[in-house]
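Trainee: Could you pick one part of this structure and go over it closely with me? I'd also like to hear how the rest of the chain joins up with it.

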Amino acid sequence: MDNAPARPLLGVSVCLIGQDRVLLVERGQPPFAGRLSLPGGKVMWGERLDAAAQRELAEETGVVAGPLVFLRLHEVIDAAFHAVIAVFCGRLDDEAVPQAADDAAALHLMSLAEIAAADADGRTTPGLRHIVEAGAARISRR
């Protein structure tokens, strides 16, 4: 880890759920290029976490979300990457027309069962399945 940054990356992600489907991005860049993940990215200096979540969501998917609720912190550490990610959740408007942009190679609307199958096949980023399940439970209580 000699080339590793001096500190972890601070990031945000957004779990948007609509019609029993979760909006996922297929990552177009490392780390985890080609894997399914929640839309999100880096927090900019001086940017509030909720504002960063809304900005990253719009940049990657074109979706402007309604109110988001903080879900949890998620930490990802591997040999060359360390991030602490503030995860938010909310509802995907039925009228939204997501489109892949920025560093998202593609977008997918997937059920929890489809996400579980992708996770079992190693096609998701670390912890995605559990985060999405927690987000779905939180949204269903609202």
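**The hairpin and the spaces around it**

Mentor: Let's start with strand E5 (residues 69-78) and strand E6 (residues 81-91), which pair in the antiparallel sense over 9 bridges. Keep in mind throughout that this is a predicted model. The two strands make a hairpin, with 2 residues between them. One of those rungs is easy to find: Val-76 has Ala-83 in E6 as its bridge partner. If you're wondering which way the side chains go along such a strand, in a regular one they alternate between the two faces of the sheet.

Now look at the turn itself. Ala-80 sits in the loop between E5 and E6, and its relative accessibility is 64%, so it counts as exposed, the cut-off being over 50%. For a sense of where that loop lies, pick out Pro-126: it is 46 residues away from Ala-80 along the chain, and the two C-alpha atoms are separated by 14 Å.

Go back to Ala-83, because it leads us to the pockets: it is among the residues closest to the centre of the largest pocket. That pocket has a volume of about 700 Å³. Its lining takes in 37 residues, and with Ala-83 the ones closest to the centre are Leu-9, Arg-27, Pro-31 and Phe-81. E6 gives the largest share of this lining, 5 residues. Strand E1 (9-18), strand E4 (40-42), helix H1 (49-61), E5, E6 and H3 supply at least two lining residues each, which puts both arms of our hairpin on that list. As for chemistry, the lining counts 21 nonpolar, 8 polar and 8 charged residues.

H1 deserves a short stop, since it is on that list too. Take Leu-57, which lies in H1. Its relative accessibility is 0%, so Leu-57 counts as buried. What is it in contact with? Setting aside neighbours within four places in sequence, Leu-57 touches Val-14, Leu-16, Leu-23, Pro-39, Gly-62, Val-63 and Ala-65. Val-12 is a useful marker as well: it is 45 residues from Leu-57 along the chain, yet their C-alpha atoms are separated by 9.4 Å.

Arg-27, one of the residues closest to the centre of the largest pocket, turns up again in the lining of the largest cavity. There is 1 cavity of 30 Å³ or more, and the largest one holds about 40 Å³ of space. Alongside Arg-27, its lining is made up of Val-25, Glu-26, Gly-28, Gln-29, Glu-60, Asp-103 and Ala-104. Strand E2 (residues 21-27) gives the largest share, 3 residues. By class, this lining has 2 nonpolar, 2 polar and 4 charged residues.

E2 takes us on to the second largest pocket, where E1, E2 and H3 supply at least two lining residues each. Its volume is about 170 Å³. Of its 14 lining residues, Ile-17, Gly-18, Gln-19, Asp-20 and Arg-21 lie nearest the centre. The largest share here comes from H3, with 3 residues, and the lining splits into 7 nonpolar, 4 polar and 3 charged.

Two of those central residues, Asp-20 and Arg-21, are also in contact with Ser-111, leaving aside the neighbours of Ser-111 within four places in sequence. Ser-111 is in the loop between E7 and H2, and with 13% relative accessibility it counts as buried.

That loop runs into helix H2 (residues 112-120), in which Ile-115, Ala-116 and Ala-118 are buried. Why do they end up together? Looking down the axis of H2, the buried residues fall within an arc of 165°, so they line one face of the helix. As background, an α-helix has 3.6 residues a turn, so residues three or four places apart point the same way. Ala-113 and Ala-120 are on the other side of H2, and they are exposed. The buried residues of H2 pack against E2, strand E3 (36-37), strand E7 (104-110) and helix H3 (128-141). After H2 comes Gly-122, with a positive phi near 75°.

To come back to where we started, the hairpin strand E6 gives the largest share of the lining of the largest pocket, with Ala-83 among the residues closest to the centre.

Terms used: Residues are numbered from 1 along each chain as its sequence is written. This is a predicted model: local features need pLDDT of at least 70, side-chain atom pairs count only at pLDDT 80 or more; totals for chains, interfaces and linings use all residues. Side-chain values use heavy atoms; hydrogens and water are left out. On a 1 Å grid over the protein atoms alone, a cavity is a set of points where a 1.4 Å probe fits but cannot get out, and a pocket is an open set with protein on both sides within 12 Å along at least five of seven lines; lining residues have an atom within 4 Å of a point. Grid points are joined across faces, edges and corners, and a volume is the space filled by probe spheres set on the points. Helices (H or I, at least four residues) and strands (E, at least two) are DSSP runs, numbered from the N terminus. Ala, Val, Leu, Ile, Met, Phe, Trp, Tyr, Cys and Pro count as nonpolar, Asp, Glu, Lys and Arg as charged, and the others, Gly among them, as polar. Two strands pair if DSSP finds at least two bridges between them. Buried means under 20% relative accessible area, exposed over 50%, partly exposed in between (1.4 Å probe, protein chains only). The arc is that of the directions from the helix axis to the C-beta atoms. Contact means heavy atoms within 4.5 Å.
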